[in-house]
Amino acid sequence: MSDLRIINIEKQYPQTKQQKDPAFSLQPVALTIKEGEFFSLLGPSGCGKTTLLKLVAGLMPADKGEIWVGDDHLTAVAPEARRFAMVFQQSLLFPHMTVEDNVAFGLKMQKIGKRERLADAQSMLEHVGLSGYGSRFPDELSGGQQQRVALARALVAKPRVLLMDEPFSALDPSLREEMRELLRGVQKEFHVTVLFVTHDREEAFYLSDRIGVMSEGKLLQIGKPKEIYEQPANVKVASFLGLKNIIEGRVINNRFVSNDQSFEVPVQTSIKTGPSVMIIRPETIRLVPDNIVKNLQCLYFRGVIQQKIFNHGFYSVKVQAGEYLLTCSFTSQEAENMKVGQTIDLMMNNGDLRFLNE
Ligand SMILES: Nc1ncnc2c1ncn2[C@@H]1O[C@H](COP(=O)(O)OP(=O)(O)OP(=O)(O)O)[C@@H](O)[C@H]1O
């Protein structure tokens, strides 16, 4: 298998005289991306995603570590000889060449005959929904169409790895969605290995087979989107993923005790004694049915509705429960009679709660 192996790659940028803070360093990254896998590096601006991508591409040397694809050791191989393709935020098409020639350019470099390369370019343009656009010039295309051409140009040369750095961030939201769908489709069709950089959680969750969450030069967690969402490795990952209802407290004798001592719940034995957080996922919160007998398997809150917002087919409802402002997710039916200012009773199963050491 031609997996992409990133073996303990690290990089420290040199300190400049004007710089007050220490120069950025990328902590050692060890990561294997399977052939045909879509892998995203997700993290806030400045966390080192592009740095890692450039090291993989060979656009700058690493201080330590190795890059392999299958049995090929690429660490010292020039970027253009790695057989990787790259797509950036700007499409970087050659303005004086037609769309068709832009797409066929890489094949020309590989000394593939004119007829064959134009046929391949045409076929790839069809795959990205641009058949009939071959004789136009880049400035006769919209931003979204230019990114389609950039994608076609990257794929036509059958790269061993496709590296993408925020390729859709300059596009408007509906076009972004369209491009995500297109990319997901062609990536699966051509079984190309993709390393994708984004700070957009939704984009990473939609596209990826696996995600690596980065922060401050460190790869904090690797996992499938569902695993990362349901079991974030630590508070930084949880906060970056925008997880709601992160409640601070302590673990004592395998029980989580909230800071204001108003409740305690059992935790998994893997959670260490000491400062911790409890995460309540909005979709696991339910209304307490009438006449229920409360039991120890659930946690209960009484609170006042502060806000009710329709959001993508469900209602996001904020409830002030003592000192906690809980975000809940209710169906239209559940939320139908809810009004701001109303007192409601909420419950959640202990088994749905997540605990993390800080
Ligand atoms: N050539 C360089 N020399 C010195 N420092 C650099 C260099 N390139 C980037 N940096 C610094 O390294 C850090 C990581 O930058 P990088 O571009 O990898 O982040 P990123 O996660 O891709 O961010 P963004 O999403 O904003 O592009 C930043 O603090 C940046 O200022």
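In this predicted model, helix 1 spans residues 49–57. Its buried residues are Lys49, Thr51, Leu52, Leu53, Leu55 and Val56. Glycine 58 follows helix 1. The phi angle of this glycine is positive, near 85°.

The start of helix 1 also takes part in the surroundings of the ligand. Lys49, Thr50 and Thr51 are among the residues around the ligand. Gly43, Ser45, Gly46, Cys47 and Gly48 belong to this group as well. Further along the chain, His199 is included. The remaining members are Tyr13, Ala23 and Phe24. By class, the shell around the ligand holds 4 nonpolar, 7 polar and 1 charged residues. Lys49 thus appears in two lists: it is one of the buried residues of helix 1, and it is one of the residues around the ligand.

Strand 8 covers residues 193–198. The strand is mostly covered, with 6 of its 6 residues buried. Burial applies to both faces. Thr193, Leu195 and Val197 lie on one side. Val194, Phe196 and Thr198 lie on the other.

Strand 8 pairs with strand 3 and with strand 7. Strand 3, residues 38–42, runs parallel to strand 8, and the two are joined over 5 bridges. Within this pair, leucine 41 has valine 197 as its bridge partner. Strand 7, residues 161–165, also pairs with strand 8 in the parallel sense, again over 5 bridges. Here valine 161 stands opposite threonine 193. Between strand 7 and strand 8, the chain passes through helix 5, residues 173–190. This β-α-β crossover is right-handed.

Leucine 171 sits in the loop between strand 7 and helix 5. Is leucine 171 buried or partly exposed? Leucine 171 has 19 C-beta neighbours inside 10 Å, so this residue counts as partly exposed. A buried residue needs 20 or more. Leaving aside residues up to four places away in sequence, leucine 171 touches Gly143, Gly144, Gln147, Arg176 and Met179. Glutamate 230 lies 59 residues from leucine 171 along the chain. The C-alpha atoms of these two residues are separated by 30 Å.

At the level of the whole protein, there is a division into domain 1 (4–233) and domain 2 (244–357). The centres of domain 1 and domain 2, taken over C-alpha atoms, are 39 Å apart.

Notes: Residues are numbered from 1 along each chain as its sequence is written. This is a predicted model: local features need pLDDT of at least 70, side-chain atom pairs count only at pLDDT 80 or more; totals for chains, interfaces and linings use all residues. A residue is buried if 20 or more other C-beta atoms lie within 10 Å of its own, exposed if 12 or fewer, and partly exposed in between; C-beta atoms are placed from the backbone. Helices (H or I, at least four residues) and strands (E, at least two) are DSSP runs, numbered from the N terminus. Domain bounds come from an automatic or database domain assignment. A residue is near a molecule or strand if its C-beta atom, placed from the backbone, lies within 6 Å of it. Ala, Val, Leu, Ile, Met, Phe, Trp, Tyr, Cys and Pro count as nonpolar, Asp, Glu, Lys and Arg as charged, and the others, Gly among them, as polar. Two strands pair if DSSP finds at least two bridges between them. A crossover is right-handed if, with the strands pointing away from the viewer, the path from the first strand over the helix to the second runs clockwise. Two residues are in contact if their C-beta atoms, placed from the backbone, lie within 7 Å.
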